[in-house]
Amino acid sequence: MCDQTFLVNVFGSCDKCFKQRALRPVFKKSQQLSYCSTCAEIGKLERERPKLPDVELHQVAERVEALGQFVMKTRRTLKGHGNKVLCMDWCKDKRRIVSSSQDGKVIVWDSFTTNKEHAVTMPCTWVMACAYAPSGCAIACGGLDNKCSVYPLTFDKNENMAAKKKSVAMHTNYLSACSFTNSDMQILTASGDGTCALWDVESGQLLQSFHGHGADVLCLDLAPSETGNTFVSGGCDKKAMVWDMRSGQCVQAFETHESDINSVRYYPSGDAFASGSDDATCRLYDLRADREVAIYSKESIIFGASSVDFSLSGRLLFAGYNDYTINVWDVLKGARVSILFGHENRVSTLRVSPDGTAFCSGSWDHTLRVWA
Amino acid sequence: MSGKVAIGSDIGQARRAVEQLRMEAGIDRVKVSKAAADLLQFCTEQAKSDLFLVGIPAATNPFKEKKPCAIL
């Protein structure tokens with residue numbers, strides 16, 4: 001007697017993607033279809049996610065008081081770059097700013113006095129990324145040279161900053177973003193080669209690499225320290241991906257934008273993050289609900305958002321756009337509270353100061369402005 | 001032979017994609033009403049320390065112009 005059971009695998013064309021695969025039966029609206037396992041899992045994901053939006057964020061926020069009028073003006077204009085400003089970062093002392101530009105210059109400013117404290121010329125143009133070390137004693141920058149270099153800052157007038165340069169990261173395409181982790185010892189980088197990587201500054205060794213983006217990675221942001229070892233990255237594949245720094249695994253991915261994601265920033269509590277994209281919208285994604293919970297857009301805004309950052313409480317989202325303006329959004333209600341004019345070209349970078357007193361924007365008009 | 005290699009990597013890639021999706025589908029999710037309420041709570045708690053909302057007097061704001069001083 002034959003008492004063996006055999007597993008029958010049907011091979012054929014998947015009803016969704018039409019590829020030749022091993023098929024399994026899937027029931028959709030009481031109709032039986034045959035999907036390959038990839039499409040079945042995507043279908044399962046698409047069915048799980050929509051179970052949870054029982055209510056929208058702005059509905060929950062209806063009972064919150066509306067914000068009053070904001071008066072924000074340019075308080076300082078930092079002039080000195082010879083070409084487009086591409087990136088900037090604040091020092092933890094809430095006063096110093098490092099900025100990098102297309103002409104290869106990286107400048108450290110004192111934002112209170114607008115004095116330039118340090119300047120270094122990189123051997124490449126388009127320095128697209130720069131970051132201040134948490135100790136305030138070093139800066140990291142990189143761009144078309146495919147590397148991230150760390151320069152220790154010294155106040156000794158005789159020292160040549162470029163002489164102490166240390167090359168830390170090596171990618172196979174341009175460096176688009178870099179950030180120190182909680183210490184001066186590790187740097188996280190994002191590159192046009194589609195990967196992110198974690199490096200040890202002292203040895204230049206690659207500690208972890210993060211593969212998963214299907215195109216250039218344009219931005220990254222580390223989770224606020226209390227919430228653990230994750231970071232979010234956004235790229236030209238329209239995806240925002242959240243990574244576990246220890247395992248190198250992608251933990252969550254979000255693909256609702258319609259174009260390249262230029263900037264991602266964590267919400268101050270670490271439970272959500274915002275993204276700004278070339279599709280002229282900014283979106284808020286909640287990590288625990290695993291979905292997009294708000295879109296910040298207006299029909300009159302047709303230019304891409306290049307850079308976003310939150311105020312300290314997370315109530316305000318500042319976004320710099322390619323139409324030379326900065327829009328300030330009420331994160332909870334989804335409405336725009338203010339529009340700031342002043343730059344004479346695209347706003348390329350925007351960061352709120354560590355103590356929340358001001359924010360700084362850098363632009364293709366060669367200047368940086370501090371607003372308060 | 002090149003045909004075989006192409007199919008091999010296709011399967012490997014597809015397998016990884018399926019595993020990634022399976023893992024993502026399996027994470028514990030929270031209802032938006034709860035997640036949104038938590039975001040709201042964080043906002044209202046931190047609103048007092050958010051200087052853009054509360055505002056600081058021009059005297060303490062290092063960026064606002066101070067009253068002009070006359071040099072005697």
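Two strands count as paired when DSSP finds at least two bridges between them, and a strand here is a DSSP run of at least two E residues. Keep that in mind as you click around; the model is predicted.

**Stop 1: a hairpin in chain A.** Select residues 20–28 of chain A, which form strand 2, and then residues 31–36, which form strand 3. The two run antiparallel, with 6 bridges joining them. Now pick Arg24(A): its opposite number in strand 3 of chain A is Tyr35(A). Next, look at the turn, where 2 residues sit between the strands. Which residue there takes a positive phi? Lys29(A) does, with a value near 50 degrees. While you have side chains switched on, remember that in a regular strand they alternate between the two faces of the sheet.

**Stop 2: the annotated repeats.** Stay on chain A and colour the spans that an unreviewed UniProt entry labels "repeat: WD": 78–110, 168–209, 210–253, 254–295, 307–339 and 340–372. Zoom in on residues 168–209 of chain A: 60% of that span is strand and 0% is helix, and its end C-alpha atoms are 14 Å apart. Then jump to residues 340–372 of chain A, where strand makes up 52% and helix 0%. The C-alpha atoms at the two ends of this span are 11 Å apart.

**Stop 3: over to chain B.** Select the whole chain and switch to cartoon. You'll find 3 helices and 0 strands, following the pattern α-α-α along the sequence. Chain B has 72 residues, and 25% of them count as buried. Turn on the surface to finish: the accessible area of chain B is about 5000 Å², with 63% of it belonging to carbon and sulfur atoms.

Key
Residues numbered from 1 in each chain as written. Chains lettered and ligands numbered in written order. Predicted model: local features only at pLDDT ≥ 70, side-chain atom pairs only at ≥ 80, totals over all residues. Heavy atoms only, no water. Helix = DSSP H or I, 4+ residues; strand = E, 2+ residues; numbered from the N terminus. Buried < 20%, exposed > 50% of the residue type's maximum accessible area, 1.4 Å probe, protein only. Areas by Shrake-Rupley, 256 points an atom, 1.4 Å probe, with all protein chains shown as cover. UniProt positions renumbered as here; feature names shortened; annotations may be inferred.
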